[in-house]
Amino acid sequence: MVETPGEDGRDVLAGRNVLARIAYGHHGGRPTLYRGSPRLDVHMVAQDATPFTEVWVTDRPVRCGLQDNLVYAEDGQHFFCAVRVAPSGVYRDAVHTAYGTAFRLAAQRGYTELFRMWNLVGDITGDNAEGTEIYQDFCTGRARAFDDWSDHFDGLPAATGIGSLGAGVDLYFLACRPGRATHVENPRQTPAYRYPDRYGAAPPSFARATHLTSDGYGPSTLYVSGTASILGDDTVHPGDVERQLDVALANIETLVSRENLREHGLDDGYALAALDCVKVYVRDAEHLPAVRAACAGVFSDDADVAFFNVGICRPDLLVEIEGICR
Ligand code: 3EB
């Protein structure tokens with residue numbers, strides 16, 4: 001469902017319709033409608049690095065809408081929504097409202113199965129105006145929205161919570177009709193929603209992965225959340241990017257394995273080499289060459305792998321990885 005477009009920016013890629021575009025580039029901005037689909041520009045790439053556009057496509061006709069800082073699109077089976085939360089001294093109320101508005105729209109239209117979310121947070125480990133870490137401030141607002149809507153949505157979906165180069169928060173997510181999603185945890189890691197409160201007043205609202213059964217067109221798919229060097233709830237190997245990368249990869253390997261998916265009632269199972277649409281987030285630019293080299297030996301030559309030099313949600317985490325198995 002993800003592709004990298006050509007330069008012509010047409011609405012239809014290889015005969016398919018665009019559900020949404022997310023431009024990982026040199027600047028951010030309000031979400032817009034562009035040639036009949038939502039478009040979100042996120043400031044995730046420094047001036048000297050190459051931008052990258054993520055495109056969600058579908059064979060079904062797409063309808064879309066724009067209201068204030070929110071865009072959405074639907075194809076009858078899938079729902080995409082993006083919201084920009086403007087830079088602010090304190091984020092929890094604005095994030096609560098942004099997620100609440102988006103959840104209401106998804107629920108009203110019958111897309112009650114959330115399956116993948118991204119949260120791009122400016123100055124993620126910096127302090128807000130009250131001296132609380134911005135990531136923790138964000139998590140509080142998000143948790144309140146999930147709490148409000150827990151009767152409408154079943155469980156927490158796969159997610160990424162990562163730094164951006166801009167200010168403010170960009171969030172986007174995908175949902176579908178009920179009955180297709182299974183949320184997956186990792187035996188090597190404490191579920192994030194059960195992290196102890198020393199990591200923040202409200203725990204992060206996400207699952208380690210979400211499995212989506214086929215809608216009758218494409219294959220079934222496993223969406224792997226942002227995964228870092230965390231065992232239980234502890235960061236391991238602070239200061240050592242290569243060992244952190246090994247732990248993150250081992251976490252994903254266990255997460256996507258047949259053995260773990262069977263524990264969740266699923267038939268599938270994947271190897272690391274099946275991971276595609278990979279995003280690798282690296283905190284320190286000096287670590288990029290080593291991380292790129294190590295990843296080249298792990299992911300398939302056919303996989304799309306994008307690298308980003310951005311903040312990560314704990315100051316001691318140096319690298320984080322997400323992807324999709326089909
Ligand atoms: C972690 O495992 C690392 O807040 O949505 C990974 C994926 C992380 C998603 C989120 C945070 C989020 O806790 C950080």
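**Exercise 1. Sort the shell around the ligand by residue class and find which elements supply it.**

Solution. Step 1: by class, seven residues of the shell are nonpolar, four are polar and three are charged. Here Ala, Val, Leu, Ile, Met, Phe, Trp, Tyr, Cys and Pro count as nonpolar, Asp, Glu, Lys and Arg as charged, and the others, Gly among them, as polar. The model is predicted, so local features need pLDDT of at least 70 and side-chain atom pairs pLDDT 80 or more, whereas totals for chains, interfaces and linings use all residues. Residues are numbered from 1 along each chain as its sequence is written, and side-chain values use heavy atoms, with hydrogens and water left out.

Step 2: the ligand has 14 residues around it, and Tyr-135, Arg-142, Tyr-195, Arg-208 and Cys-313 come nearest. A residue is near a molecule if one of its heavy atoms lies within 4 Å of it.

Step 3: look at polar side-chain atoms facing an oxygen atom of the ligand. For Tyr-135 the distance is 2.5 Å, for Arg-142 it is 2.7 Å, and for Arg-208 it is 2.8 Å. On its own the ligand has 360 Å² of accessible area (Shrake-Rupley method, 1.4 Å probe), and the protein covers 100% of that area.

Step 4: helix H2 (134-148) and strand S11 (158-164) are the elements that give two or more residues to the shell. S11 gives the largest share, three residues. Helices (H or I, at least four residues) and strands (E, at least two) are DSSP runs, numbered from the N terminus.

**Exercise 2. Describe the setting of Gly-163 in strand S11.**

Solution. Step 1: Gly-163 counts as buried because its relative accessibility is 1%; buried means under 20% relative accessible area, exposed over 50%, and partly exposed in between (1.4 Å probe, protein chains only).

Step 2: beyond four places in sequence, Gly-163 is in contact with Met-44, Val-121, Ile-124, Val-310 and Gly-311. Contact means heavy atoms within 4.5 Å.

Step 3: C-alpha to C-alpha, Gly-163 lies 16 Å from Arg-142, and the two are 21 residues apart in sequence.

**Exercise 3. Is Ser-257 buried or exposed, and what does it touch?**

Solution. Step 1: Ser-257 sits in the loop between helix H3 (241-256) and helix H4 (258-263).

Step 2: Ser-257 has 18% relative accessibility and therefore counts as buried.

Step 3: leaving out residues up to four places away in sequence, Ser-257 touches Gly-269 and Tyr-270.

Note on methods:
A polar contact is a pair of N or O atoms within 3.5 Å; within protein, one must be able to donate a hydrogen and the other to accept it, and residues adjacent in sequence count only if both atoms are side-chain atoms.
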